[in-house]
Each structure stands twice: as structure tokens, then as C-alpha cells.
Amino acid sequence: MAREISSVGVIGLGTMGAGIAEVLARSGVSVVAVEIDDDGVHRGRGHLEHSTERAVSGGKLDADGRTALLDRIRYTTSLAELSDVDLVIEAIPENLEAKSDVFAQLDKITGPDTIFVSNTSSLSITEIGVHTARPGKVVGMHFFNPAPILKLVEIVRTVVTEPDVVTDVVAFAERLGKTPVVIGDRAGFIANALLFGYLNHAVRMYEQRYATREDLDAAMRFGCGYPMGPLALLDLIGLDTAYEILDTMYHQSRNRLHAPAPLLKQMITAGLLGRKTGRGFYTYDEPDSPTVTDAVTASTVDTATAREVRKVGVVGTGTMATGIVEVFAKRGYEVILRARSAEKAAASVARVKKSLDKAVVKGKLSEEDAAAALGRISPAVEFEELADVDLVVEAVAEDLAVKQAVFAALDDVVKPGAVLATTTSSLPVIECAAATSRPSDVVGVHFFNPAPVMKLVEVVSTIATAPDVIATVDAVCAAVGKHPVHCGDRAGFIVNALLFPYLNDAVKMLEAHYAEADDIDTAMKVGCGLPMGPFELLDVVGLDVSLAIQRTLYNEFREEGFAPAPLLEHLVTAGRLGRKTGKGFKDYSAR
């Protein structure tokens, strides 16, 4: 029979502890809130009063409900007052010695059936639990910040946690309106183990001056639909907290990708901890404020030197090529669509027409504008028909030899001064440029699929690309309503280089039987606010495409952690490529 949990102790009333106390009291649970001294109690009470006041002003709580909620919380500075509670949640700072000491004291104060819970985000529950006489009743319950809003709770069992304790804590989390996932005891659990490797990688990119902070953040927001960019998210979490989590993960995994980027330690030493100190990667108008005062919102590229672009050529007939043709045609550019045959060209134009018609039906485009856009598209078969275009975008298959052949052909016929662009997502742009006699005119312009919808364009400059070519591409992006981000010519550019190692880490987590695919997806969607879980996304992208990108990253950086997960390779070998074949990490054949 499940335990009746009606009274809960919360130790530590920082942002997280106060948030947990609010969640408990909102669900009708009596709370005994403990802080180290009266100042701590005062601060914690302030957190709760401020948070519940905001809930009232936002219409999420009425005045009577707020009063009842606050009345359910009793404050104290004495652990002894926890003697009669059914469950205790520890939410003090991430220090193993301090947490272990608290649990050892609780062991002498509380009844033998009281469940001990730690809200640690990275420390070992097993190591904390051994400091009690009841390790079987010790469990992790990792809430996410802000606790009153975020639904995910990671329930962390150790090898000695009693099964009925896990069952009762899961039921309790559900009673609080949370979405629990049950996992084993290892550093970072699910969400942090996947999230912080990605965040650390972004810091290294910034540290190496590969891309600006604004471009890194914009790339992941516009390219992946993430609610926040990695550097802005680190500022919200706190750089000191991020460092501790990464350091703990590294000491357990010995994976170099978890070793905190040196820049993090330097910023922490300088007191730049993020929003809570008013300055981190960004500067804020005051401590704890979300308002950035030093963000660069406009491109720093001087478009005054841009070359004039009136006519655009697009080489290719696939989904990406037709999407790019539509983007340019809708914005008033004359577009020549070059295909290998008249039939392929006609089929591509027909797909553009179908997409434009769909936009008309949805009210996003008038019939006149759709007809005008279609009228600007001219199909072509011979490269010579691209002779007088101002910009050519190559969008053929991701095969370097094929792309090089296209660029060599373009070099022979396209007028001097035209910009030659490739929309490759992973191949070296300089290799395409080397196939021409004008490498300074060659640039990467990586659109995202579907091109008519996605705002992001990665503008990739090689060591040979001329500044006015970058300026031209920036001006064109502005003209077609896209958001350009700038980076150098190395595998994955920004988005894929950050995204695919994270996806690969998720596969390794599944491969190790640490958690189920659905739980991992839930953790990342509910806990981190991502639009799709890693396995959902892998199945959409295609496991073969994902494997090819991961191999490219590994071959470029020779980073052991980038080596493709064997499970990914096995699924591709077995022909399980995701949604397009009906089976990938999940089975779509019966849906």
C-alpha cells in the first residue's frame, strides 16, 4: 500500500528550495521549511512571497489561494522540527560533504520510515545515502528551475533504493502535477548529462572565436527551435553551477567533452556568474534581471560593400533546392532553376507551385503574389543559361565530387563578379572553391529545411572568401527575410556541430541501458523545453543522414566523444533509418 505523504520538510530556501516548497504547498502538502539562520529564512520567505505575488498578478492564483498556500509553510532554523514529517527534500548548495552531513543528522531526528530525498543535479545519490542508516530509503528527486513552472522531475534510484520507495516517490511527483522519469544514479542524470555537454561545446566555440555569442545563440534558436541559446541559458543557470555540474560529470565519465571549458573558470574567478551577478556572457541591467544591455542585435557586417544581386540561379531539384527557389521568387528575385533534364526542372517548378498554392489556401499569400512569384522562375538544363546571374546557390546531393563538378562548370560560364554559394550542411566549402579559378567569390550559405519557413542561414566563409562576398550574402539574407549567422569553414558549422554530438550522446545513453528512449525524449522536452526529444529528431532527420554528419564531425575533430555510437551504426546497417523507412528508434509502421 502506498505511503501517505502529507507533510514534507524542505531544507534550503534558495531559488530551488523555495520553488519546491511552493510546489508542495500549492498541492495541499504541509511544509516545514528549514534554513541555516534567520537571514536565510527571511530570504526564502521573500522568494515565496514574490513568486506567489507574480502568480496572482498573472492570473494563475487568486488571493485566497495565495494566502492558503503560504499558510501551509512553516519556517524554522532547526532540523529537529522535521521529526514528524513523512519525507524530507534537501535543496542546499551542491557540496557532497554538506549534503552528507545533513542526511546524517536527519537519520537521528526522523522516524525510520521517513524518505530522504536530495534535489542534487549532479552528485551521487549513493554517496549521499551511505551516510545514513537507511540507504534503501534515499532517492534523488531532481526538480528543474523554476520548479513551480517546469514539469519534469528526475527520480534517481540507487542500487539499494527500495522499489516501493521509488514507486511512492513517483506517485507523489505525479500528485504534484509533475512528469517523473525514473533513472539510475550517474552524474548529470538524463537532462544535465545531455544538456551540459552541449553547453560546454558552445562555450568552447565562443572561446575559440569561431562565432559570436549572438550568432551562437541565434543559430540554436532559429535553427533548432530552442527556447534559448546556449550562452544565454548558461547565464540563466549560473556559470558557477554549470562548472560544478560539468566538473562532477567529468570526474565520473572522464569524457573530455565534459571537462569544463577554461573560459568558464576564468569568468567565475572574475565574478561573472551570469544573471545573478548582473554579468556573464551578456551584461544585464541589474542582478537577477533578464534584460540584456549589451546585446548586438544587428549584423556587424558592413553591407555597404555588397554586390548588386537581381538575378539568382539555383542548381538542384531536391527539397532544399525547390525551397530556396521559392524563397527568392517570393521576394521579387528573378530565378533560374537548373536541373539535369527538362522533366526534372518541370517537376521542381510544379513542387514550388504546389507550395505557393498551399500558402494561398492558408491565407499567407495572395493569389496575385503567388502567380507573380511563379512567373519569376525559369527552368533550365544547360549551365550556360546561368551565365548572367549575380548569385548562384548550389543545392545538389551531399557528395563532394558532385559538388566540385558543379562548381567547375559554373566557373566556366558564370560572369565575373557573381557570387558562387553552396548550401552544404557538412562538407568543406573550401573544397568547392578549389574547383574554381575564383575562390574569393565562393561562400557557404546553409539554408535550413524547410527553407521557406526556417529563418536561419549559416554564412560560412573560407580562408579565401572576400569580405564583399560576405556583405553580399548578408544583404540578400535581409532582403529575403532570413537571419544570417557567421562562422568559419569547419565540419558542422554551428548548428550541426552543437546538435549532433548531443544526439549521439543520447544514443550512447540508450545503448548503455541507462534510460528508455521515451524517458530520454520526455526529459529533454519537458525539462529543457526542446521542441523534440533526441530520438524523435533522429528519426525525422534520418539515421543514415545523422550517421554521415557524425562521421564527418569525428573525422574533422578526431574527438573521441564524437565517434558515432555503435547502436546508430547498427540501426543504419539494418535499414532502420527512421520515419522514412517506418522504423528507426521507434516503430512508425503501425501508426
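Axes here are lines fitted to C-alpha atoms, for helices over the stretch in contact, and angles run from 0 to 180 degrees between N-to-C directions. The model is predicted.

**Exercise 1. Describe how helices α7 and α8 pack, and state which residues make the contact.**

Step 1. Locate the helices. Helix α7 covers residues 191-207 and helix α8 covers residues 213-224.

Step 2. Give the geometry. The α7 and α8 axes are 10 Å apart, at an angle of about 145°. Their crossing is right-handed.

Step 3. List the contact. From α7 come Tyr198, Ala202, Met205 and Tyr206. From α8 come Arg213, Leu216 and Met220.

Step 4. Sort by class. The α7 and α8 contact has six nonpolar residues, one charged residue and no polar ones.

**Exercise 2. Do the same for α18 and α20: find the angle, the handedness and the classes of the contact residues.**

Step 1. Locate the helices. Helix α18 spans residues 495-511, and helix α20 spans residues 534-541.

Step 2. Give the geometry. The axes of α18 and α20 come within 10 Å and cross at roughly 115°. This crossing is left-handed.

Step 3. List the contact. Helix α18 supplies Leu499, Phe500, Tyr502, Leu503, Ala506, Val507 and Leu510. Helix α20 supplies Pro534, Phe535, Leu537, Leu538 and Val541.

Step 4. Sort by class. The α18 and α20 contact has twelve nonpolar residues, with no polar and no charged ones.

**Exercise 3. Trace the eight-strand sheet and identify its edges.**

Step 1. Write the order. The open sheet runs β3-β2-β1-β4-β5-β6-β7-β8, with mixed pairing.

Step 2. Find the edges. β3 (73-76) and β8 each have a single partner strand, so one side of each is left without a neighbour in the sheet.

Step 3. Add the twist. From one strand to the next, the twist averages 25°.

Step 4. Check the β2 and β3 pair. Strand β2 (residues 30-34) runs parallel to β3, joined by four bridges. Val34 has Thr76 of β3 as its bridge partner.

Step 5. Place the helix. Helix α1 (residues 15-26) lies across β1 (7-11), β2, β3, β4 (87-90) and β6 (138-143). Helix α1 runs at about 170° to β1.

**Exercise 4. Work out whether strand β6 is enclosed or open, and name its pairings.**

Step 1. Count buried residues. Six of the six residues of β6 are buried, so β6 is largely enclosed by the rest of the structure.

Step 2. Split the faces. Val138, Gly140 and His142 are buried on one side. Val139, Met141 and Phe143 are buried on the other.

Step 3. Look towards β5. Strand β5 (residues 115-118) runs parallel to β6, with three bridges between them. Phe116 is bridged to Val138.

Step 4. Look towards β7. Strand β7 (residues 152-156) pairs antiparallel with β6 over four bridges. Ile155 of β7 stands opposite Met141.

Step 5. Follow the chain between them. Pro146 lies in the loop between β6 and β7. The peptide bond joining Asn145 and Pro146 is cis, with omega about 0°.

**Exercise 5. Place Pro180 and decide whether it is buried or exposed.**

Step 1. Find the element. Pro180 belongs to strand β8 (residues 179-183).

Step 2. Apply the cut-off. Buried means under 20% relative accessible area. Pro180 has 19% relative accessibility, so it counts as buried.

Step 3. List its contacts. Beyond neighbours within four places in sequence, Pro180 touches Val153, Ile155, Val170, Ala173 and Glu174.

Step 4. Compare sequence with space. Leu152 and Pro180 are 28 residues apart in sequence, yet their C-alpha atoms are 6.0 Å apart.

**Exercise 6. Assemble the unit around β15 and β16, then find the cis bond in the loop that leads to β15.**

Step 1. Pair the strands. Strand β15 (residues 456-461) and strand β16 (residues 483-488) run parallel, joined by six bridges. Glu458 has Val485 of β16 as its bridge partner.

Step 2. Insert the helix. With helix α17 (residues 467-479), β15 and β16 make a right-handed β-α-β unit.

Step 3. Find the cis bond. Pro450 sits in the loop between β14 (442-447) and β15. The peptide bond from Asn449 to Pro450 is cis, with omega near 0°.

**Exercise 7. Examine the positive phi values of His513 and Arg558, and judge their exposure.**

Step 1. Take His513. Its phi is near 60°. His513 lies in the loop between α18 and α19 (517-528).

Step 2. Take Arg558. Its phi is about 55°. Arg558 lies in the loop between α21 (543-557) and α22 (566-573).

Step 3. Apply the cut-off. Exposed means over 50%. His513, at 73% relative accessibility, counts as exposed. Arg558, at 59%, also counts as exposed.

Methods: Residues numbered from 1 in each chain as written. Predicted model: local features only at pLDDT ≥ 70, side-chain atom pairs only at ≥ 80, totals over all residues. Heavy atoms only, no water. Helix = DSSP H or I, 4+ residues; strand = E, 2+ residues; numbered from the N terminus. Left-handed = near helix turned anticlockwise from the far one by under 90°. Contact = heavy atoms within 4.5 Å. Nonpolar A, V, L, I, M, F, W, Y, C, P; charged D, E, K, R; others polar. Pairing = 2+ DSSP bridges. Right-handed = clockwise from strand over helix to strand, strands pointing away. Buried < 20%, exposed > 50% of the residue type's maximum accessible area, 1.4 Å probe, protein only.
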